[in-house]
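Colleague: Mind walking me through this one? I'd like to know what stands behind each label you put on it.

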Amino acid sequence: MSASALTVPPPSGRPRRAILGTILAGSALLAGVAAAHYAAPLPDGAVARPARQFGLPFAGAPGPDSWLLGQGYGNTTGAYRQRRSTYGNLQGIHAGLDFSAPCGTPVRAIGDGVVAEVDGPHGSPPHNVVINHAGNLSSLYGHLRVRSSLRVGQTVKRGQVIGESGDSQFTCVSAPHLHLELRDRSHQRFFNPLPYIAADWDSLALAGNFGRGYEYDLDAPRRWQTPDTQPEARRGGALLNEFRRPWPPAPGGAR
Ligand SMILES: [Zn+2]
């Protein structure tokens, strides 16, 4: 539980070249699989409305030795800087919540459901799990350290351990965190998990950079600036954050 194990994931887009290469190669390999995998979008009304029906993916209290919120969902500065690359197919936003946690922290199902995929074509490496829930919702748990021992089709209960947290950069010291997404079951729509998860978000937002770190559009500087006012994303939709006057500007003057 060293302090370094809780390093907040780097917010922006300068991944090491080797890692980026690995990710790109993986993406190319998965593209064919993914094309067959993703279903047609469900009608808008088919998805359960947010009612705090889920729980947190970790047990116990948050803190520097357990887990803390890292990057928020939505219009984060980190996603803005990678809006045309990593997040280009997600309308430029970070389509999940990042929870900083030491590698090996038990990850728990946020709700009752059925295991839909173990290491499916969803990225978020090294390993991921997808659970289907009532209301046509799915939760994705990414950057798991090892392949989950769950089987597809297995029933899980809320709070059940479904894997252990890992590191998006495969090291356990550079960016250990869980990436949690809430999608519709067609995997075409991505929702802000906050209003779906019962938690004291106001207090949680006081730690880490969760309550900050959103990219400003100086033409509409109050839009998408708080954890609970972030937009839904649709796979393949137009970029939401192609701002004419962004702040902060991207490093090196690039926009
Ligand atoms: Zn993430």
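**Labels and the numbers behind them**

Modeller: Let's start with a pocket, and keep in mind that this is a predicted model. The second largest pocket has a lining of 14 residues, with Pro50, Phe191, Pro195, Tyr196 and Glu232 lying nearest its centre. The space in that pocket comes to about 250 Å³.

Colleague: What makes a residue part of the lining of the second largest pocket?

Modeller: A lining residue has an atom within 4 Å of a pocket point, and 14 residues meet that for the second largest pocket. By class, they split into seven nonpolar, two polar and five charged.

Colleague: On to the salt bridges. How many does a search of the whole structure find?

Modeller: Ten. One of them pairs the side chains of glutamate 242 and arginine 83.

Colleague: Why is the contact between glutamate 242 and arginine 83 called a salt bridge?

Modeller: The N to O distance is 2.9 Å. The cut-off is within 4 Å, for a Lys or Arg side-chain nitrogen and an Asp or Glu carboxyl oxygen, so this pair qualifies. Glutamate 242 sits in the loop between strand 13 (233-234) and strand 14 (246-247), while arginine 83 is in the loop between helix 2 (77-81) and strand 2 (97-100), so the bridge ties together parts that are 159 residues apart in sequence.

Colleague: Are the two partners, glutamate 242 and arginine 83, buried or partly exposed?

Modeller: Arginine 83 has a relative accessible area of 4%, and buried means under 20%, so arginine 83 is buried. Glutamate 242 comes out at 39%, which falls between the 20% and 50% limits, so glutamate 242 is partly exposed.

Colleague: What about lysine 157 and aspartate 112: how far apart are their closest N and O atoms?

Modeller: They are 3.5 Å apart, which is within the 4 Å limit, so that pair is a salt bridge too. Lysine 157 is in the loop between strand 7 (155-156) and strand 8, and aspartate 112 is in the loop between strand 3 (106-108) and strand 4 (113-118), so parts 45 residues apart in sequence are tied together. Aspartate 112 is partly exposed at 42% relative accessibility.

Colleague: And how do you know that arginine 244 and aspartate 219 form a salt bridge?

Modeller: Same style of check: N to O is 3.1 Å, and the limit is within 4 Å, so the call stands. Arginine 244 belongs to the loop between strand 13 and strand 14 and aspartate 219 to the loop between strand 12 and strand 13, so the link ties parts that are 25 residues apart in sequence. Arginine 244 has 58% relative accessibility, and exposed means over 50%, so arginine 244 counts as exposed. Aspartate 219, at 38%, counts as partly exposed. There's also a network: salt bridges with shared partners join Arg83, Arg84 and Glu242.

Colleague: Now the backbone. What makes the bond between proline 125 and proline 126 stand out?

Modeller: That peptide bond is cis, with omega about 10°. Proline 126 lies in the loop between strand 4 and strand 5 (127-133). Another cis bond joins tryptophan 247 and proline 248, with omega about -5°, and proline 248 is in the segment after strand 14. Most peptide bonds are trans, so cis ones are worth flagging.

Colleague: Why do you list the phi of glutamine 91?

Modeller: Its phi is near 60°, a positive value in a residue other than glycine. Most residues other than glycine have a negative phi. Glutamine 91 is in the loop between helix 2 and strand 2, and at 9% relative accessible area glutamine 91 is buried. Histidine 187 also has a positive phi, near 65°. Histidine 187 lies in the loop between strand 10 (176-184) and strand 11 (189-191) and is buried, at 5%.

Colleague: Last one: which residues make the nonpolar surface patch, and what lets Tyr216 in?

Modeller: Tyr216, Leu218 and Trp247 make the patch, about 300 Å² of it. Tyrosine 216, in strand 12 (residues 216-217), has a relative accessible area of 35%. Patch residues need over 30%, so tyrosine 216 clears that bar.

How values were computed. Residues numbered from 1 in each chain as written. Predicted model: local features only at pLDDT ≥ 70, side-chain atom pairs only at ≥ 80, totals over all residues. Heavy atoms only, no water. Patch = residues over 30% accessible without salt bridge, like charges linked within 9 Å, V, L, I, M, F, W, Y side chains within 5 Å. Areas by Shrake-Rupley, 256 points an atom, 1.4 Å probe, with all protein chains shown as cover. Helix = DSSP H or I, 4+ residues; strand = E, 2+ residues; numbered from the N terminus. Buried < 20%, exposed > 50% of the residue type's maximum accessible area, 1.4 Å probe, protein only. 1 Å grid on protein atoms, 1.4 Å probe; cavity = no way out; pocket = protein on both sides within 12 Å on 5 of 7 lines; lining within 4 Å. Points joined across faces, edges and corners; volume = space filled by probe spheres on them. Nonpolar A, V, L, I, M, F, W, Y, C, P; charged D, E, K, R; others polar.
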